[in-house]
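Open the model in your viewer and keep the selection panel handy. We will go from the whole chain down to one helix.

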Amino acid sequence: MVAVQDSGVEPRLNSRIEKFRDLSPADRLATVGDAARLGQADRDALRGGVLPLDLANGMIENVVGTFEIPLGVATNFTINGRDYLIPMAVEEPSVVAAANEKDRVLIGLGGGCREIEVQVFEETQVGPMVVLHLLVDVRDAMGANTVNTMAEAVAPMIERISGGTVRLRILSNLADLRLARARVRLTPKALATKEFTGERIVAGIVEACSLAIVDPYRAATHNKGIMNGIDPVVVATGNDWRAIEAGAHAWAARGGRYTSLSRWEIDAAGNLVGTLEMPMALGMVGGATKTHPAARAALKLLGVTTAQELAEVTVAVGLAQNMAALRALATEGIQRGHMALHARNIAIVAGASGANIDAVAKELAADHDVRVDRAREILLRLGKEEA
Ligand code: NAD
């Protein structure tokens, strides 16, 4: 690979790599490694299987292992005049599987197209448009390929009947007929902490949610907190988190104004009641759910037997995560808890390993001073004490 000169200052790589797709994974890695002048350690890291358990353990809580997804490199990118090789980690292939036989499988399982809806947009910037919705029961699949295949199959028939031209033939991720709901009721007593009464916390959570309902700036972060619970389950089970994110935010804006996905209210007895209802197009067959061994194992670990059950569990996790974030926000603020966890990351960055990670993190958090240079000082002191 030939490095080219960029602006006469920094040598830049050339992102145009002929026949990259025809190479083996090892040859692709060697090619991009040479182009980007990566050392052996970076090449090994990109090859995968290199996140040690103790490092993973420092990154999040309750670690039992690591979860790999395929890493590809997109070539031929020139952005703002500079060439880039773009690393992309994702589980979804871009090739839509041809599936006529698959339709028969779905029908055999009691699924298939249930209804047809038509919507007319009299005015768009290129003239009037007609949208035809196929409402498909996809059973335990996420259903994107299934629906896309059907949309392509019926297009010629639609053209014959309507006399028009079919353009886009694809599913919508606003899966508003595939909603999952979670609801929780908590007594104030269950929420009380040493510093705050349960009533104070209940009121604080309702107040925080009220703001997210009316303010799109707050709603975006409120909903991100919900997705902090949902996305990890979606990824771990090999499902399509972009589809779930797209559906969630489109649903949050369905009234014409972006708002909170969840509702937190006080019932007549003074209990806190939280509800979350949102599209949840998850699958247990199809896509990476069947090809990724860890996704299959994760589904076994969950013990769910239908896609609907998986959706219900996932939404419940989103609601729980939302409650935890609002509870922290309504009381001590988000940083205290967050910093305690982040301190472990900072300890690792500073060079801590083994038992020292916790020792350094504990001290950083106790001092409310979570910085790498402070972590290095503590590490140095611990080293001297041990010597
Ligand atoms: P798929 O086509 O691999 O599997 C679905 C098929 O499995 C069904 O058509 C059916 O024939 C068969 N099947 C076997 N047992 C079944 C059961 N119990 N219930 C239902 N079907 C059963 O996958 P899919 O779920 O149609 O599509 C999911 C994939 O599509 C994901 O990888 C997703 O990332 C990708 N995708 C997403 C989008 C999008 O969200 N916009 C677009 C294109 C592709």
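## From domains to a helix

Start at α14, and turn to the side away from its buried residues: A355, K362 and A366 are exposed there. Bear in mind that this is a predicted model.

Now select the whole helix, residues 355-366. α14 has 12 residues and spans 17 Å from its first C-alpha to its last, close to the 16 Å expected at 1.5 Å a residue.

Next, pick I357, V360, A361 and L364. These residues of α14 are buried. How wide is the arc they fall within, seen down the axis of α14? The buried residues of α14 keep within 100°, so they line one face of the helix. The spacing rule helps here: an α-helix has 3.6 residues a turn, so residues three or four places apart point the same way.

Step past the end of the helix to H368. This residue follows α14 and has a positive phi, near 50°.

Zoom out and colour by domain. Domain 1 takes in 20-97 + 175-332, domain 2 covers 103-162, and domain 3 runs over 336-386.

Keep domain 1 and domain 3 in view. Their C-alpha centres lie 28 Å apart. Show the contacts: 8 residues of domain 1 touch 7 residues of domain 3. Together the two domains bury about 630 Å², with 46% of that area on carbon and sulfur atoms.

Then select G58, E61 and E332 in domain 1. These residues lose the most area to domain 3, together 54% of what the domain 1 side buries.

Last stop: how many salt bridges cross the interface of domain 1 and domain 3? The rule finds 0.

Conventions:
Residues numbered from 1 in each chain as written. Predicted model: local features only at pLDDT ≥ 70, side-chain atom pairs only at ≥ 80, totals over all residues. Heavy atoms only, no water. Helix = DSSP H or I, 4+ residues; strand = E, 2+ residues; numbered from the N terminus. Expected span 1.5 Å × (residues − 1). Buried < 20%, exposed > 50% of the residue type's maximum accessible area, 1.4 Å probe, protein only. Arc of directions from axis to C-beta. Domains from an automatic or database assignment. Contact = heavy atoms within 4.5 Å. Buried area = accessible area lost by both parts, 1.4 Å probe. Salt bridge = Lys/Arg side-chain N within 4 Å of Asp/Glu carboxyl O.
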